[in-house]
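This briefing addresses strand pairing and charged side-chain contacts in one protein model. Please consult the sequence and structure shown here alongside the text.

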Amino acid sequence: MKAVFFDTQPYEKDFLLKNIPEGYTYSLIKEPLNRDYPLNNEIADTELISVFITSNLDKEVLEKFKNLKFILTRSVGFSHIDLEWCKEKGIFVFNTPHYGDYTVAEYTFGLLIYTIRNMGRGATGVKTDEINMNSYTGVELFSKTLGVIGAGSIGRNVLDIAHGFKMQTLAYDPNPQDEKYNYTSLDNLFEKSDVISINSPLTDETYHLINKNTIEKMKDGVIIVNAARGEIIDTEALYEALLSKKIAYAALDVIECEEILCTDSKNCTKVENIKDGCLEKFYLNQKLLKLPNVTITPHMAYNTKEAVERILEMTKENLISCLNFNSDSGAKNLVLL
């Protein structure tokens, strides 16, 4: 079977060269796959493509692959893949679930504490010999209420960590799984939470879930942390709420239209590859970066040695599943059948 791997990083290349199962002929490509990627006939003829979230597999991209049977995303989320198109064309999609259940939860708290305790400014003050202790005053988590939106595997781990800080917790999830977590309505979570952590997948229902109207329901001085997907927050509403101090701090590992920020390929910033409305979001994100009460990191919550190893091992499993695929019985990690 012919396979092409996009978004391939050096650490992935070493693993893949040693572990791609027999039965594959393959190419490893550093750049992400998007509308402007220069496909030649050899690549377009592939039966399997593997990507990371920096690729954008919309209909216009996918229809160029006439023999495509499988898509393997090296991520939990699959909002960068047009699943409706895949379903229509009988293309099977695999992901790598649960690799970062603890990894992302740990990072959520690290990013949160870094932001609300002004650690970045303090560290910069030491380096520049311009220490101003008055500007480093933060807030503590003890006795605060943490509301988690999206109490899946990651969200539940976030809730567990919160108890170590002696926080009160609330959880919202459309499919509650464990009664020990204090599930509540979304409106009640907005009203009662001092800190809101977003750990939900991006779906039609969660797109811009945090918007002007929902922010108005929150406490004054609420703290927002997002290590899920940037599009869950309306950037304009967030920026306005930060200026008004309705939101005291924003700790963000993800932002809307973050693909524009990628640096590995010029294709990322070509106008024809930028989604509608993303130039405006990019401008707002630049303004967010200048605010002292905002931290933005480059979608790196997943990035630990252990988590990356789990991603690659699951990718290997998915490759084996595709070689022996039986549509009647399905397969592990199959998103779309």
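The points below cover a sheet and then a set of salt bridges. The model is a predicted one. It contains an open sheet of six strands with parallel pairing, and a search of the whole structure finds eleven salt bridges.

**Sheet**

- The strand order in the open sheet is β7-β6-β8-β9-β10-β11.
- Because β7 (168-172) and β11 (294-296) each have a single partner strand, they stand at the edges, with one side of each left without a neighbour in the sheet.
- On average, neighbouring strands of this sheet are turned by 15° against each other, direction ignored.
- Five bridges in the parallel sense pair strand β9 (residues 222-226) with strand β10 (residues 247-252).
- Val 222 stands opposite Ile 247 in β10.

**Salt bridge of Lys 2 and Asp 45**

- The side chains of Lys 2 and Asp 45 form a salt bridge at 3.4 Å, N to O.
- Lys 2 belongs to strand β1 (residues 2-5), whereas Asp 45 lies in the loop between α2 (41-44) and β3 (48-51), 43 residues apart.
- Asp 45 is partly exposed at 34% relative accessible area, and Lys 2 is partly exposed at 24%.

**Salt bridge of Arg 35 and Asp 58**

- Arg 35 and Asp 58 meet through their side chains at 2.6 Å, N to O, in a salt bridge.
- Arg 35 sits in the loop between β2 (25-28) and α2, and Asp 58 in the loop between β3 and α3 (59-62).
- Asp 58 is buried, with a relative accessible area of 12%, whereas Arg 35 is partly exposed at 38%.

Methods. Residues numbered from 1 in each chain as written. Predicted model: local features only at pLDDT ≥ 70, side-chain atom pairs only at ≥ 80, totals over all residues. Heavy atoms only, no water. Pairing = 2+ DSSP bridges. Helix = DSSP H or I, 4+ residues; strand = E, 2+ residues; numbered from the N terminus. Axes fitted to C-alpha atoms, helices over the stretch in contact; angles between N-to-C directions. Salt bridge = Lys/Arg side-chain N within 4 Å of Asp/Glu carboxyl O. Buried < 20%, exposed > 50% of the residue type's maximum accessible area, 1.4 Å probe, protein only.
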